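Student: Could you walk me through one part of this model, and then show me how you would read the rest in the same way? I am new to this, so please go step by step.

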Amino acid sequence: MIINSHVHVNTLGNYFYYPDYNFNRFLEEMHKNKIDIAFPALNPKLELFRCPNSSKDSNNFKEHGGINSSIELKGSSNKHRIQVVEKNNHMLLQCNTCGYITYEGSIDPLWKYNQELIAITSPYRRTIKPLIYVLLCKSTIQNEIDFWENNYPNDFVGFKLHPWNDQVSVADFKVHSSKPFLIHTGIRDLESAKNAIAFAKGNPTLKVVIAHAGALDTTVLNEIGLLENVFIDCCPSTFMFESRFSALYSPEHIFAPEDIYWKVLKYLPSHKILFGTDSPWGDTQKELEVIRNLNATPKVKEQILFKNAARVYG
């Protein structure tokens, strides 16, 4: 049994990273790699989050994805970056440099994309249940959570928060939900895993999964060990390894993707770790090979591959 608890897919709209990663390709990848269950979230790189004044020269990421574009890289800079802004109980998606606005309204603009994700996955509900990506705006987030839980309680497994894409820290958000939350983390302040820890402490009844191994911040790993409601994934381990000197803390001690898992296991019990691929940024086959090559007991591998996700999202 394999549960992919961290994966992305395109629905409606245009995407400026991996625009061809549609639902059919996602299904093919599941079948090819014998993934039994998956929890896909929207590809966060929608055109809504791209300022038309953005220049390729101001972005260190390669077009269509590049290495670790879903993970924060040291030194990366985009001078025209769309951010979530709250104004008069409304949400704006606005460039933090030129002020260009791609959206203004009282509801989360991702609503229609999440609705499509629910629809296209519905024939596969026994094996595919989405994570709903909601934007970090205090005026809208609780209404969005309530809407999805009240109207589609059995059609999704949890929520996805992406502080770097939104350009908003999760640290002081307080929400009410019966579902777990997967939170993107990286090495910059807005996406720091320390903020995700603060979110988990401020919402102690929620189950929280910290993505991308918390960039191997050892302070965070220690905290996760003390918090019953917090878990972690280590994907995409192959990409994080390839970009370790710009995406991880203390990269000099990481000599292979397996070392990312071993460092996490040094601080955390194996029942805290969930398997994911972060596709299309991660490669499913390579991520599975990392687990197969991991010098761990069959029990530990089973926990990582499916038992922990089944318990957290069950």
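What relative accessibility does E302 have, and does that make E302 buried, partly exposed or exposed?

Tutor: Happy to! Keep in mind that this is a predicted model. E302 has a relative accessibility of 35%, so E302 counts as partly exposed. To see how that class is reached, recall that buried means under 20% and exposed means over 50%, with partly exposed in between. The value of 35% for E302 therefore falls into the class of partly exposed.

Next, look at the partner of E302. The side chain of E302 forms a salt bridge with that of K307, with 3.4 Å from N to O. K307 is partly exposed too, because its relative accessibility is 40%.

Now let us turn to the helix α11, which covers residues 298-313. Its neighbour here is helix α10, made of residues 284-293. The two axes come within 10 Å and cross at roughly 155 degrees, and α10 and α11 are therefore roughly antiparallel to each other. On the α10 side of the contact you can find L288, I291 and R292, which meet K301, I304 and L305 of α11. Sorted by class, the residues of this contact are 4 nonpolar and 2 charged, with no polar ones.

Before α10 there is a detail of the backbone to look at. S279 and P280 are joined by a cis peptide bond, with omega about 5 degrees. P280 sits in the loop between β11 (273-274) and α10. A second cis bond runs from C235 to P236, where omega is near -5 degrees. P236 belongs to the loop between β10 (230-233) and α7 (237-242). Why point these out? Because most peptide bonds are trans.

Let us use the same steps on another salt bridge. K194 and D217 meet through their side chains at 2.4 Å, N to O. This pair links distant parts of the chain, 23 residues apart: K194 is in helix α5 (residues 193-202), while D217 is in the loop between β9 (208-210) and α6 (218-226). The partners fall into separate classes of accessibility. K194 is partly exposed because its value is 42%, whereas D217, at 7%, counts as buried.

K194 appears again when we look at the helices. The axes of α5 and α6 come within 9 Å and cross at roughly 20 degrees, which makes α5 roughly parallel to α6. The crossing of α5 past α6 is left-handed. In the contact, A193, K194, I197 and K201 from α5 meet T219, V220, E223 and I224 from α6. By class, that gives 4 nonpolar, 1 polar and 3 charged residues.

Beside D217 in the sequence is L216, found in the loop between β9 and α6. Its phi is near 60 degrees, a positive value in a residue other than glycine. L216 counts as buried because its relative accessibility is 1%. N89 also has a phi near 60 degrees, positive although N89 is not glycine. Its place is the loop between β3 (82-87) and β4 (90-95). N89 is exposed, because its relative accessible area is 61%. These phi values are worth a look because most residues other than glycine have a negative phi.

Another residue to try is T140, in the loop between β6 (131-133) and α3 (141-151). At 1% relative accessibility, T140 is therefore buried. Leaving aside residues up to four places away in sequence, T140 touches M91 and S106.

To finish, let us go back to salt bridges. A search of the whole structure finds 6 of them. Among them is one between D20 and R25, with the closest N and O atoms 3.2 Å apart. D20 is partly exposed because its relative accessibility is 48%, and R25 is also partly exposed, because its value is 31%. You can check both values with the step we used for E302, which is partly exposed at 35%.

Note on methods. Residues are numbered from 1 along each chain as its sequence is written. This is a predicted model: local features need pLDDT of at least 70, side-chain atom pairs count only at pLDDT 80 or more; totals for chains, interfaces and linings use all residues. Side-chain values use heavy atoms; hydrogens and water are left out. A salt bridge is a side-chain nitrogen of Lys or Arg within 4 Å of a carboxyl oxygen of Asp or Glu. Buried means under 20% relative accessible area, exposed over 50%, partly exposed in between (1.4 Å probe, protein chains only). Helices (H or I, at least four residues) and strands (E, at least two) are DSSP runs, numbered from the N terminus. Axes are lines fitted to C-alpha atoms, for helices over the stretch in contact, and angles run from 0 to 180 degrees between N-to-C directions. Angles under 35 degrees count as roughly parallel, over 145 as roughly antiparallel, 65 to 115 as roughly perpendicular and the rest as oblique. A crossing is left-handed if the near helix is turned anticlockwise from the far one by less than a right angle, and right-handed if clockwise. Contact means heavy atoms within 4.5 Å. Ala, Val, Leu, Ile, Met, Phe, Trp, Tyr, Cys and Pro count as nonpolar, Asp, Glu, Lys and Arg as charged, and the others, Gly among them, as polar.
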